[in-house]
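These are my notebook entries on a single protein chain. I set down what I looked up, one topic at a time.

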Amino acid sequence: MSDPAKVRRHAERVRELVASVVRTQIKDPRLGMITITDARITADLRDATVFYTVLGDATEQASTAAALESAKGMLRSTVGKALGLRHSPTLTFTLDNVQDQVKHIDDLLAVARSADAEVQRRAASAEYAGDAQPYKLEDDEDEDEEDGPDDEDEPPTNAGDRR
């Protein structure tokens with residue numbers, strides 16, 4: 001097992017190297033407008049997953065994935081030489097669907113805003129269900145005491161209930 005800080009440094013270095021090589025050395029026409037967003041590497045430094053986004057539709061995403069798969073060997077050797085590890089990590093490319101997640105979150109926020117607006121609209125025309133003053137005031141209690149003690153408030157006593 002490696003140090004987690006060392007693993008993070010290597011993952012960041014893999015991301016930078018892959019982005020640089022994709023930008024400067026890969027001349028595949030299938031490669032679209034690509035952005036390397038993240039890289040993660042296992043604790044044993046043998047497998048690296050590189051996340052990327054592509055600007056465009058599904059066909060451009062598929063052609064970019066094919067271009068990255070064909071350039072995987074060159075990328076792996078470049079990363080291995082630059083990292084100076086005994087074993088070059090195996091590269092796996094994964095499409096990062098950030099745009100889909102952003103769209104989904106925006107849709108959820110729009111639904112929440114409309115629900116909040118509906119609640120505020122209903123609250124503006126709402127009325128109390130009971131009296132305007134549902135609580136008993138102190139001067140009401142004073143009036144009750146002036147009438148005299150109620151016999152109903154005292155519990156009944158039965159002589160036969162003694163134990």
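**Entry 1. Strand register.** Which residue of β2 does D38 stand opposite? I looked up the pairing and found F51 opposite D38. I note at the outset that this is a predicted model. Further along the ladder, I41 faces A48 of β2. β1 and β2 run antiparallel and are joined by eight bridges. I then turned to the other pairing of β2, where the partner is β3, residues 90-95. That pairing is parallel and extends over six bridges. Within it, D47 of β2 has T90 of β3 opposite.

**Entry 2. The sheet as a whole.** I recorded an open sheet of three strands in the order β1-β2-β3, with mixed pairing. β1 and β3 are the edge strands, each pairing on one side only. On average, neighbouring strands in this sheet are turned by 30 degrees against each other, direction ignored. I next asked which strands α1 touches. α1 packs on the sheet and touches β1, β2 and β3, its direction making about 160 degrees with that of β1. I also looked up α2, which lies across β1, β2 and β3 and runs at about 145 degrees to β2.

**Entry 3. Chain overview.** I listed the secondary structure and obtained five helices and three strands. Starting at the N terminus, the order of elements is α-β-β-α-α-β-α-α. The chain has 163 residues, and 21% of them are buried. Its accessible surface is about 12,500 Å², with 50% belonging to carbon and sulfur atoms. Among contacts with a separation of 6 or more, 63% are between residues 24 or more positions apart.

**Entry 4. The hairpin loop.** Where does L45 lie? I located L45 in the loop between β1 (33-41) and β2 (47-55). The hairpin of these two strands has five residues between them. I then checked the backbone: L45 has a positive phi of about 60 degrees, although it is not a glycine. I marked this for the record because most residues other than glycine have a negative phi. Is L45 buried or exposed? L45 has a relative accessible area of 7%, so I entered it as buried.

**Entry 5. The nonpolar core.** I asked which residues touch the most other members of the largest nonpolar core. They are V14, V18, V22, L75 and F93, in a core of 26 residues. At least two residues each come from α1 (4-24), β1, β2, α2 (58-70), α3 (72-83) and β3. The greatest contribution is that of α1, with seven residues. I followed L75 in particular. Leaving aside residues up to four places away in sequence, L75 touches V18, V21, V22, I26, L91 and F93.

**Entry 6. Salt bridges.** How many salt bridges are there? I counted eight. I examined two in helix α1 and one elsewhere.

- E12 and R15 meet through their side chains, with N to O at 2.5 Å. Why can these two residues face each other along the helix? They are three residues apart in α1, and so are separated by about one helical turn. E12 is partly exposed, with a relative accessible area of 35%, and R15 is also partly exposed, at 22%.
- E16 bridges to R13, the closest N and O atoms being 3.8 Å apart. Both residues lie in α1, three residues apart, about one turn of the helix. I entered E16 as partly exposed at 37% relative accessibility, and R13 as partly exposed at 35%.
- K72 and E69 form a salt bridge through their side chains, at 3.1 Å from N to O. K72 has 22% relative accessibility and counts as partly exposed; E69, at 44%, is likewise partly exposed.

Last, I noted that E118, R121 and R122 are joined into one network by salt bridges that share partners.

Definitions and conventions
Residues numbered from 1 in each chain as written. Predicted model: local features only at pLDDT ≥ 70, side-chain atom pairs only at ≥ 80, totals over all residues. Heavy atoms only, no water. Helix = DSSP H or I, 4+ residues; strand = E, 2+ residues; numbered from the N terminus. Buried < 20%, exposed > 50% of the residue type's maximum accessible area, 1.4 Å probe, protein only. Pairing = 2+ DSSP bridges. Core = buried A, V, L, I, M, F, W, Y, C linked by side-chain atoms within 4.5 Å. Contact = heavy atoms within 4.5 Å. Salt bridge = Lys/Arg side-chain N within 4 Å of Asp/Glu carboxyl O. Areas by Shrake-Rupley, 256 points an atom, 1.4 Å probe, with all protein chains shown as cover. Axes fitted to C-alpha atoms, helices over the stretch in contact; angles between N-to-C directions.
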